[in-house]
Amino acid sequence: MTAAGTVSATGAVPPPALHRDRRFRTFWAGETISSFGDRVSELALPLIAVSLLTATPVQVSVLTALIWLPNLLGLFLGAWVDQRTHKRRLLIIADLVRAAVLLSLPVAYLFDAITLTHLYLVALLTGLGAVLFAMARQAFFVALVPRSAYVDANSKLSMSRSLSFIAGPAVGGGLVQALSAPVAILVDAVSFLGSALLLRRIPVTETPPPPRQTSTLGLVREGLVLVLRHPVLRAALGCTSTVNFFTFIAGALLVLYASRDLGLSAGAIGVALGFGALGGLAGAALAPRISRAIGLGRTAMIGAVLFPAPLALTALVTGPTWTKVALLAAIELVSSVGVMLMDVNLNALLISVTPDDALARRAGAYSAVNYGIRPIGALVGGALGTTIGLRPTLAIAGLGGVLAVLWLVASPVRHIRTLDDQTA
């Protein structure tokens, strides 16, 4: 992809008004609905394991790991998706598969037949559907959004995701308390059905891929070579993989820690996480403005520090219930600002530097490492939580995650101010 004929994300000519684009609005709505449903499942799945099945820290960490394990298949799925013309069809299939799998939980609950094995299988299959969706989404995004609007589009999508983190956990916690965790899963299943219906309504011209010049394994190799040799992609991968490893050490144990060590109810946990997610909304809204002021690369670097650092303070939470909820909310608030400053800018940069006909296999190679390391982090978190305790493990996770910024500091990313700078 070249910069010829494009407009800088921070240049004089503003990006197109995406909120007036009916196709993008429909896509945006589908992503928003699905994100809200996901927040319910993220709280309900571990709570099913903890409350109904009395899962241990290791078993909870295995559950988290299985959700992300299918990302290791991204190398092959990405190469396969690149050779498909109809990316929208793949997005719809991924949504329908996840809806069907999640519906099995409330059905099993009605017959008192939920087991840990069933829960693991649901986590694995929904994770596989998420990987297929992510691979096809890259090319579909490019078909909908002009290059000059990448940062703006990512900001809007991230704002919706942040809104889901604000209201989703509180609603999810309330649903879990009122209906039980397995029944609350219905909300996420319905959200995937809604997303599929909206995607079906988006008219889009999808360009057929060029004739295959190599085998699937050759395409896999091309994706890996592109990610590992390109200085911007390599630095971004190192940064996000490092931060994901450490934050998933904490993420795999957070609900367990809040429930058992802090003694918080599902509703209280939902309120803390939901209020803390206000930071994500602020971060997504501010990311384009801050990148215009100080540069895209520097904004991403600030986010790479603000995201993991506050997690170390989780180990210090104590006091009465209202204090615990307030402290957790404040920690999540700052962390959520950081993750959006990092994600919005790095995601726009990744799409910008990748050739259009290699988006899926680049995404596959990138996510195989970046997301593939998440289950490892979750398993390490479970092992550490069992051996040294939950509080020391959370402190290690927060402090270790800060090291991720060194990848960006030692790369060309720190000098990039706009999307056009990467072509220099």
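In this predicted model, Glu-31 is a buried residue, with a relative accessible area of 18%. Its side chain meets that of Arg-137 in a salt bridge, at 3.1 Å from N to O. Because Glu-31 belongs to helix 1 (residues 22-52) and Arg-137 to helix 5, the pair ties together parts that are 106 residues apart in sequence. Side chains of opposite charge can pair when their charged atoms come close.

A search of the whole structure finds 2 salt bridges. Asp-95 and Arg-98 also meet through their side chains in a salt bridge, at 2.9 Å from N to O. Both residues lie in helix 4, 3 residues apart, which is about one turn of the helix. Asp-95 is buried, as is Arg-98.

**Overall architecture**

The protein comprises 18 helices and 0 strands. It has 424 residues, of which 56% count as buried. About 17,000 Å² of the protein is exposed, and carbon and sulfur atoms supply 67% of that area. Among contacts with a separation of 6 or more, 88% are accounted for by residues 24 or more positions apart.

**Nonpolar cores**

The largest nonpolar core contains 68 residues; Val-145, Tyr-150, Leu-199, Leu-349 and Leu-408 have the most contacts inside it. Helix 14 (residues 321-353) contributes the largest share of this core, with 11 residues. A second, separate core has 53 residues, including Ala-49, Ala-108, Ala-184 and Ile-249.

The surroundings of Leu-199 can be described in detail. Residues up to four places away in sequence being left out, Leu-199 touches Phe-27, Arg-88, Leu-91, Ile-92, Asp-95, Phe-133 and Phe-140. One of these contacts, Asp-95, is the acidic partner of Arg-98 in the salt bridge described above.

Helix 14 also holds Ser-335. With a relative accessible area of 4%, Ser-335 is buried. Its contacts, again without residues up to four places away in sequence, are Leu-306, Phe-307, Pro-310 and Leu-311.

**Aromatic pairs**

The count of aromatic pairs comes to 3. One of them joins Phe-245 and Phe-246 in an edge-to-face arrangement, with 5.1 Å from centre to centre and 80 degrees between the planes. The angle exceeds the cut-off of 60 degrees, and therefore the pair is classed as edge-to-face. Phe-245 is buried at a relative accessible area of 19%, and Phe-246 is likewise counted as buried, at 16%.

**Loop residues**

Three loop positions deserve separate description. Gly-295 is found in the loop between helix 12 (278-294) and helix 13 (296-306). Its relative accessibility is 0%, so Gly-295 counts as buried. Neighbours within four places in sequence being set aside, Gly-295 is in contact with Ile-290, Ile-416 and Arg-417. Gly-295 and Leu-419 are separated by 124 residues in sequence and by 9.7 Å in space, C-alpha to C-alpha.

Asp-112 is placed in the loop between helix 4 (87-110) and helix 5 (116-144). Its phi angle is near 55 degrees, a positive value in a residue other than glycine. Asp-112 is exposed, with a relative accessible area of 73%.

Leu-72 occupies the loop between helix 2 (57-68) and helix 3 (74-82). With a relative accessible area of 42%, Leu-72 is partly exposed. This leucine belongs to a nonpolar surface patch formed with Leu-69, Leu-73, Leu-121, Leu-124, Leu-125 and Leu-128; together the patch residues have about 530 Å² of accessible area. Membership in such a patch requires over 30% relative accessible area, and Leu-72 satisfies this criterion because its value is 42%.

**Summary of accessibility**

The table collects the relative accessible areas of individual residues discussed above.

| Residue | Relative accessible area | Class |
|---|---|---|
| Glu-31 | 18% | buried |
| Leu-72 | 42% | partly exposed |
| Asp-112 | 73% | exposed |
| Phe-245 | 19% | buried |
| Phe-246 | 16% | buried |
| Gly-295 | 0% | buried |
| Ser-335 | 4% | buried |

Terms used:
Residues are numbered from 1 along each chain as its sequence is written. This is a predicted model: local features need pLDDT of at least 70, side-chain atom pairs count only at pLDDT 80 or more; totals for chains, interfaces and linings use all residues. Side-chain values use heavy atoms; hydrogens and water are left out. Patches are made of residues with over 30% relative accessible area and no salt bridge: like charges are joined within 9 Å, nonpolar side chains (Val, Leu, Ile, Met, Phe, Trp, Tyr) within 5 Å. Accessible areas come from the Shrake-Rupley method with a 1.4 Å probe; for residues, only the protein chains shown count as cover. A salt bridge is a side-chain nitrogen of Lys or Arg within 4 Å of a carboxyl oxygen of Asp or Glu. Helices (H or I, at least four residues) and strands (E, at least two) are DSSP runs, numbered from the N terminus. Buried means under 20% relative accessible area, exposed over 50%, partly exposed in between (1.4 Å probe, protein chains only). A nonpolar core is a set of buried Ala, Val, Leu, Ile, Met, Phe, Trp, Tyr and Cys residues joined through side-chain atoms within 4.5 Å. Contact means heavy atoms within 4.5 Å. Rings of Phe, Tyr and Trp (its six-membered ring) pair if their centres lie within 6.5 Å; planes under 30 degrees apart count as stacked, over 60 as edge-to-face and the rest as tilted.
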